[in-house]
Amino acid sequence: MMQVPPQSVYDKLQELDSGDIAASAAYRQLAQEVLADDGISLNWREAIAERLNQANQLLGIQTVGGKDDSY
């Protein structure tokens, strides 16, 4: 597992919608690693989880595109 400071992971999650699919996937993976690491403070893990959740919700909205054909 790559050791990246939680602040960096938190900041990178703001860039998920940058259009670079590979970078977005890497940032999501880093976030998952932080969430699984109980050596990182609960406050950081909660903040990262919240930001990741927001990004996932935005992705869902963008993917569906406001159409009525969502699942």
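A nonpolar core is taken here as a set of buried Ala, Val, Leu, Ile, Met, Phe, Trp, Tyr and Cys residues that are joined through side-chain atoms within 4.5 Å. In the predicted model examined here, the largest core of this kind comprises 12 residues, namely Val9, Leu13, Leu16, Ala23, Tyr27, Leu30, Ala31, Val34, Ile40, Ile48, Leu52 and Ala55. Two elements, α2 and α3, each give two or more residues to this core, and the largest share, amounting to five residues, is that of α2.

The framework in which this core is set consists of three helices and zero strands, so that, by the assignment of helices and strands as DSSP runs, the order of elements from the N terminus on reads α-α-α. Helix α1 covers residues 6-12, while α2 extends over residues 21-36 and α3 over residues 42-64. Of the 71 residues in the chain, 24% count as buried, and the chain as a whole exposes about 5,000 Å², of which carbon and sulfur atoms supply 52%. Among contacts in the chain with a separation of 6 or more, 55% are accounted for by residues 24 or more positions apart.

Two individual positions illustrate the surroundings of individual side chains and helices. Ile40, a member of the largest nonpolar core, touches Pro6, Val34 and Arg45 when residues up to four places away in sequence are not counted; of these partners, Val34 also belongs to that core. Asp11, by contrast, lies in helix α1 and counts as partly exposed because its relative accessibility is 38%, a value that falls between the limits of 20% for buried and 50% for exposed residues. The C-alpha atom of Asp11 is separated by 9.6 Å from that of Tyr27, a residue 16 positions away along the chain, and Tyr27 is itself part of the largest nonpolar core.

The largest pocket of the model has a volume of about 230 Å³, and its lining is made up of Leu13, Gln14, Leu16, Asp17, Ser24, Arg28, Arg51, Gln54, Ala55, Leu58, Leu59 and Gln62. Helices α2 and α3 each supply at least two residues of this lining, and α3 gives the most to it, with six residues. When the lining is divided by class, five residues are nonpolar, four are polar and three are charged. Leu13, Leu16 and Ala55 are among the residues that line this pocket and are likewise listed in the largest nonpolar core.

Definitions and conventions:
Residues numbered from 1 in each chain as written. Predicted model: local features only at pLDDT ≥ 70, side-chain atom pairs only at ≥ 80, totals over all residues. Heavy atoms only, no water. 1 Å grid on protein atoms, 1.4 Å probe; cavity = no way out; pocket = protein on both sides within 12 Å on 5 of 7 lines; lining within 4 Å. Points joined across faces, edges and corners; volume = space filled by probe spheres on them. Helix = DSSP H or I, 4+ residues; strand = E, 2+ residues; numbered from the N terminus. Nonpolar A, V, L, I, M, F, W, Y, C, P; charged D, E, K, R; others polar. Buried < 20%, exposed > 50% of the residue type's maximum accessible area, 1.4 Å probe, protein only. Contact = heavy atoms within 4.5 Å. Areas by Shrake-Rupley, 256 points an atom, 1.4 Å probe, with all protein chains shown as cover.
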